[in-house]
Every structure is written in structure tokens, then in C-alpha cells.
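Dear colleague,

Please find below the structure for your review. My findings follow beneath it.

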Amino acid sequence: MRANRRPARPAMSLLELLVVIAIMATLMGLLLPAVQKMREAANRSKCQNNLRQIGLALQGYHNAKGSLPSGYWCDHLNLLEIEYNSPGWGWAAYLLPFLEETPLFVKIRWDLSVEDIANGPARVQVVKAFVCPSDLNTGEFMVYSQTNQKLMFAATNSYAACYGFGDMIGEQAGSGNGVFYRNSRIRLADIRDGTSTTMVIGERAAWFCQAPWIGVITNGTVRTHPSSPTFVSAIEEAPVMALARTAFGPLNDAYSNPYDFYTPHPIAGQFLFADGSVHALRFTLPTPLWKAIGTRNGGETLSTSDF
């Protein structure tokens with residue numbers, strides 16, 4: 001009796017296998033950019049939400065205190081001690097209760113400085129509202145002095161407060177023409193250029209340079225990160241930890257310095273304006289417009305359609 005035999009299945013030839021592999025590779029090549037595009041869209045949306053929450057927190061602080069918070073606070077001004085910035089509490093730290101971060105706020109020893117050892121646990125705490133999901137190199141990092149000495153660990157901020165247009169933040173921390181600077185207490189009524197056309201907080205990615213959300217660390221520095229895509233490697237003074245400026249160069253210029261805004265998103269960065277609105281500003285934004293939105297009383301006449 002003959003055993004039943006299944007009909008033989010033809011084997012796949014080498015050519016057919018190569019064709020299948022090529023088709024799969026092509027499909028993956030088409031799929032991956034789409035996935036990356038969707039992921040970036042989600043990250044951009046989350047970044048916009050972070051800035052909207054920061055905007056609401058600024059409004060809450062203004063309503064409670066009568067002004068916006070200082071860019072950072074220094075209790076001892078002496079032109080001969082340019083490196084002194086203590087206690088150094090920055091705009092982001094002052095907003096904690098208005099960002100549902102009250103437990104962290106009460107953990108801070110406000111009677112001491114940012115760099116005091118007692119504030120170490122708060123200093124390294126990551127605050128989600130200050131982390132852009134597209135940003136790299138976020139989290140805990142080491143702060144160095146001008147002479148490359150290790151000072152302390154701190155947690156990063158993907159955002160910086162607008163000092164204004166031009167000028168050297170490190171040397172003239174208290175004279176910004178924007179909404180935030182050393183010991184600033186700007187009211188919304190003081191922004192005569194209009195709250196809808198004056199930028200207050202913008203992106204400065206830790207991918208570009210790492211700076212602490214908590215404020216300014218006396219004798220500390222802000223440095224271009226080794227993985228930054230820029231052509232410049234720079235070290236800037238402590239006030240730059242909390243502040244950034246609009247400058248003559250465009251957003252994400254290849255020659256950007258740590259005192260510049262810098263976004264991890266392609267094409268455009270996310271920026272919060274004084275009225276609480278968030279706008280995507282393109283890398284091609286003209287310098288006169290970049291200057292106008294950075295200053296609070298520059299006298300320019302703008303509308304939101306301009307950017």
C-alpha cells in the first residue's frame with residue numbers, strides 16, 4: 001500500500017528572496033520617516049503644552065505677587081563681585097506652586113542659596129514641565145566653574161527666560177530690555193509693546209547647552225554641550241543659566257552661543273508670549289522681527305500675523 005504523500009512545495013529561489021528583502025527594506029524606509037514624523041508631532045504638542053502651563057503659572061504668580069518673577073534673584077549687588085549671584089533663585093523655581101509642584105517648593109530652603117548643600121535634593125529633581133520631550137541630554141548634570149572645577153549636580157531646563165535683545169547677559173545681568181533679568185519685577189502693564197507680541201520664555205535645549213531649572217549657581221558656568229550641532233564651543237557666566245537673548249543671528253544659527261535660544265525641533269521653535277499664547281517661530285525669522293519680539297518697550301508695531 002502506497003503512503004499518501006503531500007505535494008512538494010517549491011522552494012523560494014535566491015532571486016525571489018532578494019526581491020522580498022528589497023521590498024521589505026523599501027517599506028521600512030517609507031514607514032520609519034512617517035513614524036518619526038508622528039513622534040515629533042507628539043513631542044511638539046507636549047512642548048507647546050509645557051509652555052502653556054508655564055504661561056498659566058506666570059499669570060498665577062503675577063496675580064498673587066503683582067508682577068512677574070525675577071529672571072533670578074541676587075541679594076548683594078557689587079560691581080566688583082561680578083561672579084556673585086546668591087541666593088540665585090530663578091524664575092522657574094518661583095513658579096513651582098503654580099505648576100502643581102508644591103511638595104518640591106516646600107522642600108526648598110529659601111533662606112539659603114541655590115548652591116547650598118541643603119538644597120541639593122531639590123536642585124537635582126527633574127520637573128516635567130521644564131523638559132521638552134524632543135530635547136536630549138536632559139536630567140541631572142554636573143555644573144563646572146570657570147576653571148573647570150566640579151561644583152555640584154543639578155537638573156536641566158529645556159527653557160530660558162527672555163532677557164531681551166543684544167547685550168552681554170553675564171556682564172550686564174541687571175539691565176535687560178526684555179521681561180526678565182536679574183532682580184526684575186516686571187508687571188504686564190509695563191510691557192508697552194503689547195503682551196501678545198512680546199516673548200517671555202523660549203526653548204534652549206539641553207542638547208545645545210545644559211542649564212539648571214532651579215536658578216543661578218554662583219561661580220558656575222553654562223557650556224556648549226559636546227554633542228551640540230553648532231560650530232562654536234563656548235563657556236558663559238552664571239546668569240546665563242536662567243536667561244537667554246534674541247540676537248542678530250537667526251534661531252538655531254550654527255554659531256549660536258549658550259546665551260542664545262536654541263530648539264531641538266526641526267524648522268521652528270516653541271516660544272511663550274506674555275499673553276499666554278505659544279507660537280512656533282521659524283529659523284528664517286528676520287532679525288528685525290526677532291529683535292522686536294524680544295524687547296518689552298522697543299516701540300515696534302507688530303501683530304501676531306507677522307510671525
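**Sheet pairing and nonpolar cores**

A161 has L243 of β9 as its bridge partner. Please note that the model is predicted. Strand β5, residues 159-165, runs parallel to β9, and four bridges join the two.

These two strands belong to an open sheet of five, ordered β9-β5-β6-β10-β11, with mixed pairing. At its edges lie β9 (243-246) and β11 (278-282), each of which pairs on one side only. From one strand to the next, the twist averages 40°. In general terms, strands of a sheet pair through backbone hydrogen bonds, in either a parallel or an antiparallel manner.

Helix α5, comprising residues 287-294, lies across β5, β6 (199-203), β9, β10 (268-273) and β11. Its direction is at about 105° to β5.

Turning to the interior, the largest nonpolar core has 60 residues, of which I54, L58, W91, F130, F180, I201 and W213 touch the most other members. Two or more residues each come from α1 (14-65), β1 (72-74), α2 (91-94), β3 (140-144), β4 (150-155), β5 and β6. The largest share, six residues, is contributed by α1.

Which residues does F130 touch, leaving aside those up to four places away in sequence? They are I54, W91, A92, L96, L99, T156, N157, S158, Y159 and W213. There is also a second, separate core of 14 residues, including A160, L251, W290 and I293.

Yours faithfully

Terms used. Residues are numbered from 1 along each chain as its sequence is written. This is a predicted model: local features need pLDDT of at least 70, side-chain atom pairs count only at pLDDT 80 or more; totals for chains, interfaces and linings use all residues. Side-chain values use heavy atoms; hydrogens and water are left out. Two strands pair if DSSP finds at least two bridges between them. Axes are lines fitted to C-alpha atoms, for helices over the stretch in contact, and angles run from 0 to 180 degrees between N-to-C directions. Contact means heavy atoms within 4.5 Å. A nonpolar core is a set of buried Ala, Val, Leu, Ile, Met, Phe, Trp, Tyr and Cys residues joined through side-chain atoms within 4.5 Å. Buried means under 20% relative accessible area, exposed over 50%, partly exposed in between (1.4 Å probe, protein chains only).
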